[in-house]
Amino acid sequence: MSVDYGADAIESRLRRSSEMRSLGISLRRAVAPLDRDAILFRSIVRALASGFGRVARDGDTRAWTSAVVQSLLSLRGAMAELTALAPSTLGAFHRSISSAPRSFELGVDFAWGTWTPHAIQDPTLGPTQPPWEILLAAESEWGSRASAPENQRRVLFDLRKLLDVRARYRVMVYAGHLQKRPDFDDLEAAMLRLIDASAHRDADAPLLLVGVPWDAGADLLRAWCTRLRAGRTERVDLRRP
């Protein structure tokens with residue numbers, strides 16, 4: 001099933017958000033919870049598509065990981081708005097992958113949290129209100145270009161790790177083999193089974209999955225999320241914004 005979450009209505013609300021803020025009306029209060037999730041998911045997919053577009057011909061997967069990190073870093077304002085927190089209170093946690101100032105990782109490739117990264121070294125820098133929380137946790141796994149089975153093994157390993165993370169939102173970015181269509185479909189079917197079977201899954205934590213075809217690049221991103229219905233996990237395909 002493919003949905004666009006009422007894109008026109010959502011975009012209209014976003015355009016009015018600055019007016020709402022000037023009137024003291026929070027976007028958090030003005031938009032229903034499911035719409036807030038949709039806004040964030042659309043923002044993430046849009047940012048990833050833009051970031052991957054700049055490195056689409058780069059065979060170095062470090063550049064792709066950097067694109068994920070930079071794309072998620074660009075969403076500080078959106079995360080603050082949708083979680084009703086001040087932007088300055090959000091800390092970005094990720095591994096250092098360039099010559100940029102040293103950064104820190106929380107066991108996943110990227111996370112937005114309510115501590116500053118330096119609090120990892122000095123816990124006294126952490127806030128007392130609100131308590132520590134991971135707002136968004138993201139993993140990126142590029143698997144193996146040469147082997148679809150090895151690709152699946154690596155992606156499922158990182159997805160299993162992500163499912164164990166307690167966060168308001170979770171994002172999994174992965175690679176697959178689109179020209180060998182059954183391989184990509186088999187990979188995503190295995191991912192859905194793992195999500196459904198996970199004893200640690202949190203039904204209240206939205207999960208966004210973004211697939212990047214090795215052989216097609218950023219032009220054919222596959223974005224989907226999951227939802228529980230009648231005790232089973234369903235896949236919901238998202239239209240690229």
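Residues 1–31 keep a pLDDT under 50; pLDDT is the predictor's confidence in each residue, from 0 to 100. For this stretch the model has 40 contacts beyond four places in sequence, where contact means heavy atoms within 4.5 Å. Where pLDDT is low, the predicted coordinates should not be read in detail. The chain as a whole averages a pLDDT of 75, and 65% of the residues score at least 70.

This is a predicted model: local features need pLDDT of at least 70, side-chain atom pairs count only at pLDDT 80 or more, and totals for chains, interfaces and linings use all residues. Residues are numbered from 1 along each chain as its sequence is written, and side-chain values use heavy atoms, with hydrogens and water left out.

Now the cores. A nonpolar core is a set of buried Ala, Val, Leu, Ile, Met, Phe, Trp, Tyr and Cys residues joined through side-chain atoms within 4.5 Å. Buried means under 20% relative accessible area, exposed over 50%, partly exposed in between (1.4 Å probe, protein chains only). The largest core has 40 residues. I44, F52, L136, W142 and V173 have the most contacts inside this core. Helix α3 (residues 33–53) supplies the largest share, nine residues. Helices (H or I, at least four residues) and strands (E, at least two) are DSSP runs, numbered from the N terminus. Beyond its neighbours within four places in sequence, I44 touches L72, L75, L136, V171 and L208 by the contact rule. Another core of 23 residues lies apart, and includes V165, A167, L194 and I195.

Next, the strands. Why is strand β4 (residues 134–141) described as largely enclosed by the rest of the structure? Eight of its eight residues are buried, so the description follows. Two strands pair if DSSP finds at least two bridges between them. The table shows the pairings of β4.

| Partner of β4 | Sense | Bridges | One bridge pair |
|---|---|---|---|
| β3 (residues 110–113) | antiparallel | four | A111 with A137 |
| β5 (residues 169–176) | parallel | six | A138 with V171 |

Last, the rings. Rings of Phe, Tyr and Trp (its six-membered ring) pair if their centres lie within 6.5 Å; planes under 30 degrees apart count as stacked, over 60 as edge-to-face and the rest as tilted. The count comes to six aromatic pairs. F110 and W112 have ring centres 5.6 Å apart and planes at 80 degrees, so they form an edge-to-face pair. Both F110 and W112 are buried. Ring pairs also link F52, W64 and W142 into a cluster.
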